[in-house]
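Please read the following report alongside the sequence and the model. It moves from the whole chain to single residues.

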Amino acid sequence: MIYLKTDEEIELMRAANLLVGATLAEVAKHITPGVATLQLDKIAEEFIRDHGAIPLFKGYNGFPSSLCISVNEQVVHGIPGDYRLQNGDIVSVDCGTKINGFCGDSAYTFQVGEVDPKTKQLLETTKESLYHGIAMAVDGKRIGDIGNAIQTYCQERGYSVVRELVGHGIGREMHEAPEVPNYGKKGAGPLLKDGMCIAIEPMINMGTKNVVMEKDAWTIRTADRKPSAHFEHTVAIRKGKADILSSFELIEKVLNN
């Protein structure tokens, strides 16, 4: 069942999503060589709770943390721990909040110190592909149009698209219908309607599209251990143009300082 949101509900979702962006910006201030990923998680949880929200991921199906922190070849769902970020790492930070009964969900892949130019290019392409997907997230298009736009953009540049993990509907729950793959056929899949809210999140690999699960039963990494990038926005489907509810603005202000 796909739930269409009212304008009032979309504004509540915007508040949750803007808090995610602010949280990621707070985390961005501390992403430097030597910081432990668990420390970043503590910063995020405190920030979220101080703003009257709850961390959406903590306790979800038993997940132990407020953030998913995935480094280098880790694609998603990395558990924060003792690992200290190193110069040249890339780190995907995925964050969710719930406030006033509605959810926010967004992710950003950060560079730690001096990153290899080829890896930087992967990040840039993944982020650009997110906006190509969002351009298709309008009333009257279909889910397959979003995935096709992302897939085409990334594969033309020599990257591969993870198949096992997908974006999702979002609202009162973090994961609602429909699923939003980052690959697909134009004109296929569920019809997009004004008021649908979805999280679009390309997960793009430098090498093979194949992934494996680590022993912790959460962390997903690339099968060939080559880097993977991940960016995510929550959007509301509208007529003519998608309404992006999350924001990278505060994150990029921190990064550009």
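The text below describes overall dimensions, the nonpolar cores, one strand, two helices and a few backbone features.

This is a predicted model, in which local features need pLDDT of at least 70 and side-chain atom pairs count only at pLDDT 80 or more, while totals for chains, interfaces and linings use all residues. Residues are numbered from 1 along each chain as its sequence is written, and side-chain values use heavy atoms, with hydrogens and water left out.

**Overall dimensions**

The protein has 5 helices and 15 strands; helices (H or I, at least four residues) and strands (E, at least two) are DSSP runs, numbered from the N terminus. For 257 residues a compact globule would have a radius of gyration near 18 Å, and the value of 17 Å for the protein agrees with this; the radius is taken over C-alpha atoms, and the globule rule is 2.2 Å times the number of residues to the power 0.38. The C-alpha trace spans about 45 × 45 × 35 Å along its principal axes. Of the 257 residues, 54% count as buried, where buried means under 20% relative accessible area, exposed over 50%, and partly exposed in between (1.4 Å probe, protein chains only). Among contacts (heavy atoms within 4.5 Å) with a separation of 6 or more, 71% come from residues 24 or more positions apart.

**Nonpolar cores**

A nonpolar core is a set of buried Ala, Val, Leu, Ile, Met, Phe, Trp, Tyr and Cys residues joined through side-chain atoms within 4.5 Å. The largest one has 52 residues, and those with the most contacts inside it are Ile31, Leu85, Val91, Val93, Phe110, Ile146 and Ile200. Two or more residues each are contributed by α1 (7–28), α2 (37–50), β2 (67–71), β4 (90–99), β5 (102–111), α3 (117–135), α4 (143–156) and β9 (197–200), and α1 gives the most, with 8 residues. Another core, of 13 residues, lies apart from it and includes Ile10, Phe57, Phe63 and Cys68.

Leaving out residues up to four places away in sequence, Val91 touches Ile31, Ile69, Ser70, Val71, Leu85, Tyr108, Thr109, Phe110 and Val112.

**Strand β9**

Both faces of β9 are covered, since Cys197 and Ala199 on one side and Ile198 and Ile200 on the other are all buried. Two strands pair if DSSP finds at least two bridges between them. Strand β7 (residues 167–169) runs antiparallel to β9 and is joined to it by 2 bridges, with His168 standing opposite Ala199. Strand β14 (residues 233–236) also pairs with β9 in the antiparallel sense, over 4 bridges, and here Cys197 stands opposite Ala236.

**Helices**

In α1, which contains Gly21, this glycine is buried, with a relative accessible area of 4%. Apart from its neighbours within four places in sequence, Gly21 is in contact with Ser247, Leu250 and Ile251.

Helix α2 has 14 residues and reaches 20 Å from its first C-alpha to its last, close to the 20 Å expected at 1.5 Å a residue; the expected span is 1.5 Å times one less than the number of residues. Its buried residues are Thr37, Leu40, Asp41, Ile43, Ala44, Glu45, Phe47 and Ile48, and their cover includes α1, β1 (54–55), β2 and β4.

Helix α4 likewise has 14 residues and reaches 20 Å, close to the 20 Å expected. It is mostly covered, with 11 of its 14 residues buried, among them Ile143, Asp145, Asn148 and Gln151. The cover over the buried residues of α4 includes α3, β6 (160–161), β8 (176–180), β9 and β10 (203–205).

**Backbone features**

Several residues have a positive phi, as the table lists.

| Residue | Phi | Place |
|---|---|---|
| Gly52 | near 80° | follows α2 |
| Gly158 | near 90° | follows α4 |
| Asn72 | about 60° | not a glycine |
| Arg225 | about 60° | not a glycine |

Asn72 is found in the loop between β2 and β3 (74–76) and is partly exposed, with a relative accessible area of 22%. Arg225 belongs to the loop between β12 (220–222) and β13 (228–230) and is partly exposed at 47%. Finally, a cis peptide bond, with omega about 0°, joins Ala177 and Pro178, and Pro178 lies in strand β8.
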